[in-house]
Amino acid sequence: MHYIEPYITAYGAFALFLIVYGESFGAPLPGESAVIASSLLALNGTLNIDAVLIAVFAGAVLGDCTGYLIGRIGGRRLILRFGHMIKLTPERLEHFEELFARRGIYMVATARFVVLLRQLNGIIAGTLKMKPSHFLAANMVGAALWTLTWGLGPYLLSGVLMPVADYLKSLV
């Protein structure tokens with residue numbers, strides 16, 4: 001958290017937006033750590049919690065949409081050309097497309113909570129040709145849940161639990 005905090009403190013919600021946006025379409029950035037750090041900075045009054053939540057949600061949705069477009073435009077060509085290197089044959093790709101057609105909405109909505117899937121979520125959905133409307137709906141639901149969990153969760157829990165912890169310490 002110590003290497004993220006100066007950037008977020010200096011540039012505020014805009015830096016947080018860029019971190020979450022980049023992470024959401026595949027860049028190896030510490031999105032979840034940045035969100036938690038920003039939530040705690042908002043608790044201390046350094047950032048506005050509303051700005052934090054808007055930046056996180058917008059960065060997550062737009063980043064995944066960017067990844068979706070990348071996958072939609074060039075993902076299939078890459079898999080057909082280099083998929084054999086990771087044992088992803090055209091037949092297996094077809095199987096994954098069928099699976100994604102049936103359960104893709106649930107996969108996209110929950111993938112944000114799994115580290116590697118969070119970065120590749122949009123790219124995979126685009127590559128497997130998920131309907132854009134389904135992707136956007138699932139993406140927004142997943143981003144909202146993730147934003148509330150890691151953006152608002154630490155803010156509320158720290159605000160509620162800190163006084164309780166202080167009280168318990170005073171009893172000892």
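This is a short dialogue on how to read the features of a predicted protein model.

Me: What should I know about the numbering and the kind of model?
Reply: Residues are numbered from 1 along each chain as its sequence is written, and the model is predicted, so local features need pLDDT of at least 70, side-chain atom pairs count only at pLDDT 80 or more, and totals for chains, interfaces and linings use all residues. Side-chain values use heavy atoms, with hydrogens and water left out.

Me: Happy to start with the fold, then. How many helices and strands does the protein have?
Reply: Elements are DSSP runs numbered from the N terminus: helices are H or I with at least four residues, strands are E with at least two. Here that gives seven helices and zero strands, in the order α-α-α-α-α-α-α from the N terminus on. Along the principal axes, the C-alpha atoms fill a box of roughly 65 × 30 × 30 Å.

Me: Which residue is the centre of the kink in helix α4?
Reply: The bend at a residue is the angle between axes fitted to the seven residues ending there and the seven starting there. In α4, residues 49–82, the kink comes to about 55 degrees and is centred on Gly 74.

Me: And what happens at the start of α4?
Reply: Look for a polar contact: a pair of N or O atoms within 3.5 Å, where within protein one must be able to donate a hydrogen and the other to accept it, and residues adjacent in sequence count only if both atoms are side-chain atoms. A side-chain oxygen of Asn 48 comes within 2.6 Å of the backbone nitrogen of Asp 50. Another contact of this kind joins the side chain of Thr 127 to the backbone oxygen of Ile 123 at 2.8 Å. Thr 127 sits in helix α6.

Me: Is Thr 127 buried or exposed?
Reply: Buried means under 20% relative accessible area, exposed over 50%, and partly exposed in between (1.4 Å probe, protein chains only). Thr 127 has 5% relative accessibility, so it counts as buried. For the whole protein, 37% of the 172 residues count as buried.

Me: Which residues touch the most other members of the largest nonpolar core?
Reply: In soluble globular proteins, nonpolar side chains tend to be buried together. A nonpolar core is a set of buried Ala, Val, Leu, Ile, Met, Phe, Trp, Tyr and Cys residues joined through side-chain atoms within 4.5 Å. The largest one here has 19 residues, and Leu 16 and Val 52 touch the most other members. The elements giving two or more residues to this core are α2 (13–24), α3 (31–43), α4 and α7, with the largest share, seven residues, coming from α4.

Me: What about nonpolar residues on the surface, and which helix gives the most to the patch?
Reply: Patches are made of residues with over 30% relative accessible area and no salt bridge; like charges are joined within 9 Å, nonpolar side chains (Val, Leu, Ile, Met, Phe, Trp, Tyr) within 5 Å. Areas come from the Shrake-Rupley method with a 1.4 Å probe, and for residues only the protein chains shown count as cover. The nonpolar patch covers about 650 Å² and is made by Phe 113, Val 114, Leu 116, Leu 117, Leu 120, Ile 124, Val 141 and Leu 145. Two or more of its residues come from each of α6 (115–127) and α7 (132–171), and α6 gives the most, with four. One patch member, Ile 124, is partly exposed at a relative accessible area of 31%.

Me: Which salt bridges link distant parts of the chain?
Reply: A salt bridge is a side-chain nitrogen of Lys or Arg within 4 Å of a carboxyl oxygen of Asp or Glu. The structure holds four. One joins Glu 32 and Arg 118 at 3.1 Å, N to O; Glu 32 is in helix α3 and Arg 118 in helix α6, 86 residues apart. Glu 23 is linked with Glu 32 and Arg 118 in a network of salt bridges. Another pairs Asp 64 with Arg 112, the closest N and O atoms being 2.8 Å apart. Asp 64 lies in α4 and Arg 112 in the loop between α5 (90–111) and α6, so the pair ties together parts that are 48 residues apart in sequence. Arg 76 also bridges to Glu 97, at 2.3 Å between the closest N and O atoms; this pair links α4 to α5 across 21 residues.

Me: Are the partners Asp 64 and Arg 76 buried or partly exposed?
Reply: Asp 64 is buried, with a relative accessible area of 0%, whereas Arg 76 is partly exposed at 28%.
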